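The questions below go through one protein model, from its domains down to single residues. Each answer ends on the item asked for.

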Amino acid sequence: MSKLRVGILGGTGMVGQRFVSLLENHPWFEVAVIAASPRSSGKTYEEAVGDRWKMTTPMPEAVKNIIVKNVNDVKEVSSQVDFVFSAVDMTKEEIKVIEEAYARTETPVVSNNSAHRWTPDVPMVIPELNPEHLELIPYQRKRLGTEKGFIVVKPNCSIQSYTPALYALKEFGPKLVVATTYQAISGAGKNFAEWPEMLDNVIPFIGGEEEKSEQEPLKIFGKIVDGKLEKAVNPVITTQCIRVPVSDGHTAAIFVNFEKKPAKEEILKAWKDFKGIPQELNLPMAPKQFIQYLEEDNRPQTKLDRNYEGGMGISLGRLREDIVFDYKFVGLSHNTLRGAAGGAVLIAELLTAKNYITAKE
């Protein structure tokens, strides 16, 4: 099939750059348009990024000479693409407005932003966990007055290291969770050169992150009722989110109680066997083995394990019974791959496989 034409909104920032890198040689998608703030528009992508290229791999040759468009020129950008990824750096209200504006041009929007995560008819999806939430799209299209346009969002990077592990254990009824996340600086869109004060330092606060970490899994666990997403009541989750001097990879320490306490062997089997539609459809970005369990006491480690399955898999370890809770364990996910751009590309692949995204006439 001919490749779908992709636009990247906010393409000069760190997440936008990750989209550019991931889409190099993608079998289904090709970057047709890169849009950014008015100060970048009119420049080549190489000029607009300048010395701010943050990926470890070189900028793809195919995008260097793309002329960056003004992200606010919605009609012009949308006329040249089949769908867009959104990674714009604006206020939440501005993001809501501009993403809906693109959707109303009959352009599907797959968003890395948080602005629409609690819009009742906008699916927030981890493709292996809750693909059925895409069934909200027809209700959203009715509200927007569109035939093809819609918005789907990716959840926060902080929840990726533990929510899949809990979801895989749904049959045992996880009911109370305490989670402490240790989050990499790339989650703030920075590296050590830009944030030297993070060297040899830990910051025990990340604005807005704890609320997201406690509430967003409940939307993932939720169900559609009367055309809106109704979040789950359980598990009750309380969190602390801490910034640590790590370049990439969010780690979580998890304590959990269950309605029906499983044996350790049952947990390990559930994790090993867990797979979803991305694995069944063999989507290009899908990890073959979504969740791996590492037996060594000193794993998972960010340096050794964040790139498991190309950064799209989840690594777990240190599962053991606890004197207060039923069990405790440690999780790790790559925050800018599974947790950001990679997760959004996987959503777009699922939407394409399910014919929600198609080529424009």
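Buried area here is the accessible area, found with a 1.4 Å probe, that two parts lose on being put together, summed over both. The model is predicted, so local features need pLDDT of at least 70 and side-chain atom pairs count only at pLDDT 80 or more, while totals for chains, interfaces and linings use all residues. Residues are numbered from 1 along each chain as its sequence is written, and side-chain values use heavy atoms, with hydrogens and water left out.

Q: How much area do domain 1 and domain 2 bury between them?
A: The domain bounds come from an automatic or database domain assignment, which gives domain 1 as 4-154 + 341-354 and domain 2 as 158-333. Their centres, taken over C-alpha atoms, are 25 Å apart. Carbon and sulfur atoms carry 72% of the buried area, whose total is about 2,800 Å².

Q: Which residues of domain 1 lose the most area to domain 2?
A: Contact means heavy atoms within 4.5 Å, and 34 residues of domain 1 are in contact with 34 residues of domain 2. Three residues together make up 24% of what the side of domain 1 buries: Trp118, Glu128 and Leu129.

Q: How many salt bridges cross the interface of domain 1 and domain 2?
A: A salt bridge is a side-chain nitrogen of Lys or Arg within 4 Å of a carboxyl oxygen of Asp or Glu. The whole structure holds 16 salt bridges by this rule. Across the interface of domain 1 and domain 2, the number is two.

Q: Which helix gives the largest share of the side of domain 1 that touches domain 2?
A: Polar contacts are pairs of N or O atoms within 3.5 Å; within protein, one must be able to donate a hydrogen and the other to accept it, and residues adjacent in sequence count only if both atoms are side-chain atoms. Between domain 1 and domain 2 there are 10 residue pairs in polar contact, both residues at pLDDT 80 or more. Helices (H or I, at least four residues) and strands (E, at least two) are DSSP runs, numbered from the N terminus, and helices H1 (14-22) and H12 (337-353) each supply at least two residues of the side of domain 1 that touches domain 2. The largest share, seven residues, comes from H12.

Q: Which strands stand at the edges of the sheet with the order S3-S2-S1-S4-S5-S6?
A: Two strands pair if DSSP finds at least two bridges between them. This open sheet of six strands has parallel pairing; within it, four bridges join S1 (residues 4-9) to S4 (residues 83-86), and Ile8 stands opposite Phe85 in S4. Each edge strand has a single partner, so one side of each is left without a neighbour in the sheet; the two are S3 (69-70) and S6 (151-153).

Q: What is the average twist from one strand to the next in the sheet with the order S10-S7-S11-S14-S13-S12?
A: This open sheet of six strands has mixed pairing. S10 (236-243) and S12 (291-294) stand at its edges, each with a single partner strand, so one side of each lacks a neighbour in the sheet. From one strand to the next, the twist averages 20°.

Q: At what angle does helix H8 run to S10?
A: Axes are lines fitted to C-alpha atoms, for helices over the stretch in contact, and angles run from 0 to 180 degrees between N-to-C directions. H8 (residues 209-220) lies across S7 (174-183) and S10, and its angle to S10 is about 145°.

Q: Which residue is the side chain of Lys69 joined to by a polar contact of 3.0 Å?
A: Lys69 lies in strand S3. Not counting residues up to four places away in sequence, Lys69 touches several residues, including Val33, Ile34 and Gln80. The polar contact of 3.0 Å joins the side chain of Lys69 to that of Glu76.

Q: Which proline follows Arg299 through a cis peptide bond?
A: Most residues other than glycine have a negative phi, and most peptide bonds are trans. The bond from Asn234 to Pro235 is cis, with omega near 0°, and Pro235 sits in the loop between S9 (228-230) and S10. The bond from Arg299 is also cis, with omega near 5°, and leads to Pro300.
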